[in-house]
Each structure stands twice: as C-alpha cells, then as structure tokens.
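Biologist: Got a minute to go through this one with me? I'd like to start with the strands and then jump around a bit.

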Amino acid sequence: MCTRVAVRQILRWGVRNATSSVFIPLQFERCYLQSLSRLLCSSAHQSTLRPNHEASPVTTKPVPELSLSSLIDMGFTDTQAEQIFESVSSVRGGSAAKHILSTLTVLFVLGLNPSSVQKLLEKCPELYTVKEAQLQQRISNLRKLGLVEGSLQRMVAHYPKILTVPVKTVKNVVTFLKERCLFTSQQASDILRDSPAVVLENLDQLEYKFQYVYFRMGVKQTEMVKFRLFRFPLDEVRCRHIFLERRGFYQTPDKKGQTTIVNPKLDSILNTDLDTFLTHVAQATAEEYDVFQKLLAREWKEEELQQGKIEADDDDEDDDDDDDNDNEQTGGKRGYEKRRKK
Amino acid sequence: MRNRCLTAGAKSDRKNLTHGKMALFMDTRLILRKVTDLRCLTPRRYRVKEKWAATHAKHPPTRLALHHFDATYSVQLGKLWPSVRVAMLSERKYGALLNNFCHDAVLVDLQAKGCRDFITNREEDAKPSLEQNSEAEAQEECTDVSLKKSDVDGQEINLSPNIKCLVFPRGDVTRFKPAKPDAYGLLSYYLMDAASVLPCLALDVQEGHNVLDLCAAPGGKTLSLLQSQAIRFLCVNDTSVSRTMRLRKVLHSYVPKQFLTDEKLRITSFDGTKWGDIERNTFDRVLVDVPCTTDRHSLMEDDNNIFNKIRVGERRRLPQLQLELLLAGIEAACPGGEILYSTCTLSQNQNQGVVEQAICLARENHGIQLEAVSLRPLTQMFRNTFHFAPDLHLGEMVIPHLAANFGPIYMCKLKRLT
C-alpha cells in the first residue's frame, strides 16, 4: 500500500522535473522504483507513514476521486486529461472511475508516456473496465511468452485490445500454435508480436487458415512467420491464392514438395498492395480481380451450404466418425485438394 | 456406407421395375400405393451418374484436360492464356434466348433487373463507327485507312430482327432464374451461352430458306434458328438417338406444335457424315456445329469427359470426324449456299485446321469451290459484349474473360461458289 503511494509520489516528482522527455527509460525506472520502494518501506517506516497520513485514508478508501487535477498530476496535458475524464464518465457505471488511476499507473509502469496512454485508451475504451490486478497478470503473461521490452510496449501501443483478453485465452492460442501448427516457441511469440489480433480469432478458423496455407499453398512455418501471414484475413489470402492458381501462376506442391513452375513467394502475394499484386504477380486487370472476388465469394457460400448438408447426413451414420479420426491429417489436405480443380 | 446403399438399390432395381410395370396394369388406386419412388421407373441409364468409388481418381479427366490445355494454349494464345484459363475455371455466364412463341412478356421484367438484349442494344457499338463515318465525310480526308473503315462499317450484316438474347452487363455476375411456363406450357426463355447465338446470327437465315442443322443436339442453336421465323424447312439431325430425344423435348417445351409439323421440321438421327450421299445440293444454309473437346465442360466436369483415359482414341479421331461432317455439310449445301462451321474449343487443330483441309478437299475431291466469308463486321458489332481473339486468319473466335465469361466459340463461314 505504501509502496503504491510512494510510487505515485515518485512518478509525480519525476514527471514534474523532467522537462524534455516524459518517457522514463524503463529498465532504469523499474530498478529505481523497486529499490526506492524497498528503501522507503524498510527504513523509517513510521516517518513515511506520517507525511502520508493524509494519503492513507485516501488509499484505504477504494475510490480516489478522479479529477482533472489528478490526471494532470500524472502527467497528462490539459486536453488529454479532459478527454480521458470524459470517456471515463461515459463508460458504463462508476466502475471505470474506481480503478482508472490504478490502471493508468500500470500503464505508466509499463513504460508508456502519457500521450501514448491516452491514444491507447481512445483506441480501446474497454481498458477502462479492466482491473489493475488483471492488467498486471496479463502483462506478465505476455512477458513470459517471450515478448521482450520494447516490442511489448510497441505491441500494446498498436493493439491495446490485447490487454482486454484473458490470460487463459492467450495461453490457449499460443498452445494451439505450438502443438497443432508446430510452430516453435520463438515463432509463436513472433506471431504474437506481429499479429496480436490472432488471440481474438476463433481457433477453428485459425486452424483452417493454417492448414490451407500449409497444405494447399505448400508454405512452411518459417515463411508464415516471416511474412506475417496471420495479419491477413483468410478470405483475402484465399482469394489472391486461387486467383493466381487459376491463372496458372501457382501450383500446390506434390508430396515431394515439387512444382513444375516457381511459385511466387508469400511475400509478393500478401505484402503487396492490390495494384502491384495485379500488375506484377497476377498480370491481370483490376476488373478481372473484382469480378473474380464476387464469383469466388458465391462459390464458397455454396460450398459451405453443401458441407452443412453433408455433415447433417453424416451425423446419422456412426461409422463415419472413425474414418474422420483416422484421416485427420490427410483428410484436411484432401479436403482442400478436392475443393476446386487447378 | 454409401456404396452399400447404392449396390443394394441396384440389385432390387429389377424387382422394383417389374413391380412398377405390373402396377400400371392394375387399378389406379393401387398404382398410387405401389409407385412410391419414381426412381424405380427411371431406366438406369437416365439416372444421374455418381462416382461409385470411395476415393478420387488420381488423375481425373479434368486435370488431364487442364494439363493438355496448358501445354497447347499457352503457346497458341500467349499472354491471353492466363485470363482465359481463370475464366474457364470459374462460373460461366449465361444469356437468356427469348422465346418468341411464348406469350408471357418477360422482356420488361428481365430488363428491369438490368439485362439488355445484346443483339439489338448495340448503340454503344454503333456510335463510335458512326462518328468515324461522319468525320470522314466532313473532313474529306480520304486516307486509305478511314475509307476502309467506313467500308467495313457500311457493310452492316443483316441480322435477323427476331432473335433476341438478354445478358447482364459486363462484370455483373447475377444469375438468371429458371424460366417459367406460360398458359400453354411454353417456356419464356432458354438459358444458354450467349456466344452460342453468334453462329446462328452469322448464318444469316433469310426468308424462305431451307436450313440443315447437322449436329443439332441439345438444341440451343436449333432453337435460335427457329426464333428467326424465316425458315421454310428445317432439317435437324444428330447422330446420337438419346441426344435427339433431348432435342425433341427442348423443341416441344418452347415451340408450339403448329411449327413442328412435318412440313416445317424434320428430326433425324442419321450419321451426319453420310449427308453428302443423302441430300446433295439441297440447302440454302447449313449449320455444322461439330462435336469437339468442349473445353469448358472438360475442365469442370469429370462425368462424360472426353479427356478420360478410356476415350483417348475417340479424342484423337475428332479432327477427322469434324472434317467429314464439314465436308458432308458442304455437299449438302446448294451452289451459292452458305455453310457455318462452329465449335466450342480453342484448339487450332479442331478449328482453322479442319476448315482449311475441308476447303482443299472439297475442291480436289468434289470440285466445289468455296470462299471464306469474313465475319469481321459481326465481331465489330459485338466487340463490347464479347472478347474476340485477335488476328485469326480464318474465322472468328470468342474467348472467355472473367468480365464477359462467354465462349469459347469458334466460327467460320463458307460460301459455295459452285
């Protein structure tokens, strides 16, 4: 308790005194804070209590009143403080106001500067409702998963939603990536870093996307990670791939991994804007691609309906289940080969 | 599971069939009770064929077809091949051939949905050429090029005003709904590849002509010809009996009985190659829509696919068969008559190759002089609806393209000079 207050005090002093950059170097700060807090707590215990005598009733009361001044004390500019104050008030109930200051503290401890924090909160107002303890848990979980300092902050700044995702979900996704998709730990944390939205994806969809790219496109894990496959929605990947395949520029490798033509790299398929893709890789016009997208969307819808019908029929027959389990690996592959002729 | 069910069904088939037959001789009430499943009354050869095997063939005919086309057409079409390939592997586009014999006025409804009759709605096509004409006249810059252009545009091909075919605009992938019968049981339109109407237009049937359709089944082109309502007598033939029956059904669904009398129409199932012996120098117009590798079908359907390994011999003999059919058609035409050769393949072997040989052989063996009639005015007219292959030295070809996914259709018009 007194540690927290002390930390806050230190932050205030540090922030007030630092004129140029408000971003406190993290490693320095953490050790600094930790040592400081230990110091404060161990030595002169009573002496610290007395000056904070006024503060302690505040901390025992669960609601330190959120006010513009307290926000400004934390280091926000006037406009930023106003915005935060407004959005907090607009968030349902008074629950946000209760732990907003602790939430903000955690974010500062993470090493983000006030303007980043404010942008973050704007992007993801749900963060207001996350409790401080949860937040700490989630951040430490991310650290455990291999997100080092620097990349962790960047990821949170770009995709604050990841802090609203429970630890269990994140762990499930990472386990899935390592066990079902056979990514290494390093690769899994790279995926998490580059495409954090992956934690919110349906695991079935994720598996389908992985299997599609692995079997149908013949792309291995290294390239998937390198070229940030998981940033792209399945539909886009499929559409571009099938467009190339039907034009004759992409072939599914045979069981020896060979093709008669050189397949374009995943990089040139995904990480290019549409115009470059059409001109250089597909050698087609935008009109063709536009019509193709419409036709393909219709094809998939009809296939899904067909699958639904087939599954409904299979449910009546018990024997089919065994077949499905045996052919799990190859079944997935053959399912895609079956889909459309090249 | 599936296999077991199917084989069980097959064995009890014969039993069911006889039951059904017996039921027909009994009281009506009993018939209604016995005949529960019409499958038992359908002869097995008409039922939908399904693969009986549990696994897919390693090299299905569609894949063999694709390899074959990749090898041939990449050379023949060059840079155009990828666009044609993707179009043929995607859903085709249909046109609705309007049935003039039907009383329902569907034209307005369909037009409301955005279709237009590509045959009459050629304003967009006509305008540029008209402008060129007026420019040439106004400026009086008589360069050879502008003169030639106005000449070609001046040669407006006579198109039968009665043949109408609706299509959705370029890039629009809306599907047509199936046609509904009117009060007399006739359907209002026939869904077919819009490019298949072009050979019928190119044939240019005029009032009072006798026309022969040598390989007519399943009947789309025959129906288009009948829509012109200018034919005095139409002979319709197809080698296959089953396909001729299908043709009959189509005609009966679209054309009133009074136009299908023996005085107006004759449907036969003779061997088309023998026509030179049957009826020589008879017809004003002959349509020879020969059997070919049907490129689009071969890429999409495994059933009844000519690239099946069993049918290699049949496929290799195709050009020979096509040549014989064309020669028969030439012999059947009267001097001054016109013959239109059409296929639905991109292959030069089956297209220009056959026509060139036919012209040669007709001259050498039968003393018939033939002249190839240019279809350039036609392609000019419809260049905004279809993609035509550029620089074909003989005949014209519609090639598939995603935005105008019609074809492939090859056509070549020959005129008998002697």
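Biologist: How many bridges join strand β11 of chain B to β12(B), and do they run parallel or antiparallel?
Modeller: Keep in mind that this is a predicted model. Strand β11 (residues 396-398) of chain B is joined to β12(B) by three bridges, and the two run antiparallel. Within that pairing, B:Met397 has B:Tyr410 as its bridge partner.

Biologist: Which residue stands opposite B:Ala372 in β12(B)?
Modeller: That's B:Leu414. B:Ala372 belongs to the pairing of strand β10 (residues 370-373) of chain B with β12(B), which is antiparallel with four bridges.

Biologist: And β9 of chain B, how many bridges join that strand to β12(B)?
Modeller: Six, again antiparallel, with β9 covering residues 333-343. One spot to click on is B:Tyr341, which sits opposite B:Cys412.

Biologist: Why is β12 of chain B largely enclosed by the rest of the structure?
Modeller: Because seven of the eight residues in β12 (residues 409-416) of chain B are buried.

Biologist: Other sheet now. What's the strand order in the open sheet of four strands in chain B?
Modeller: The order is β2-β3-β1-β4, with antiparallel pairing. β2 (116-117) and β4 (189-192) of chain B are the edge strands with a single partner each, so one side of each has no neighbour in the sheet. β2(B) is joined by two bridges to strand β3 (residues 165-167) of chain B, and B:Arg116 pairs there with B:Val167.

Biologist: Which strand of chain B pairs with β6 in the parallel sense?
Modeller: β7 (residues 265-268) of chain B pairs that way with β6 (residues 231-237) of chain B, over four bridges. The chain gets from β6(B) to β7(B) by way of helix α10 (residues 241-254) of chain B, and that β-α-β crossover is right-handed. For a pair to look at, try B:Val236 opposite B:Ile267.

Biologist: Switching to cysteines: how many disulfides are there over all chains?
Modeller: Zero over all chains. Take B:Cys215: the closest cysteine sulfur is in B:Cys292, 10 Å away, so that's too far for a bond.

Biologist: Is B:Cys215 buried or exposed?
Modeller: Buried, at a relative accessible area of 8%. Over in chain A, A:Cys239 is buried too, at 6%.

Biologist: What does UniProt say about B:Cys215?
Modeller: The unreviewed UniProt entry puts a "binding site" feature there, at positions including B:Cys215, B:Ala217, B:Lys221 and B:Asp238. B:Ala217 lies in the loop between β5 (209-213) and α9 (220-227) of chain B, and that residue counts as buried at 7% relative accessibility.

Biologist: Over to chain A. Which residues of α9(A) are buried?
Modeller: A:Leu135, A:Arg138, A:Ile139, A:Asn141 and A:Leu142. They are on the same side of α9(A), because they cover an arc of only 160 degrees around the axis. The face turned away from them carries exposed A:Ala133, A:Gln137 and A:Lys144.

Biologist: How far does that helix reach from its first C-alpha to its last?
Modeller: 18 Å for the 13 residues of α9 (residues 132-144) of chain A, close to the 18 Å expected. Just after α9(A), A:Gly146 has a positive phi of about 110 degrees.

Biologist: Last one: how far apart in space are B:Ile278 and B:Glu331?
Modeller: 9.8 Å, C-alpha to C-alpha, with their positions 53 residues apart in sequence. B:Ile278 is in helix α11 (residues 275-278) of chain B and is partly exposed, at 42% relative accessible area.

Key. Residues numbered from 1 in each chain as written. Chains lettered and ligands numbered in written order. Predicted model: local features only at pLDDT ≥ 70, side-chain atom pairs only at ≥ 80, totals over all residues. Heavy atoms only, no water. Pairing = 2+ DSSP bridges. Right-handed = clockwise from strand over helix to strand, strands pointing away. Disulfide = S-S within 2.5 Å. Buried < 20%, exposed > 50% of the residue type's maximum accessible area, 1.4 Å probe, protein only. Expected span 1.5 Å × (residues − 1). Arc of directions from axis to C-beta. UniProt positions renumbered as here; feature names shortened; annotations may be inferred.
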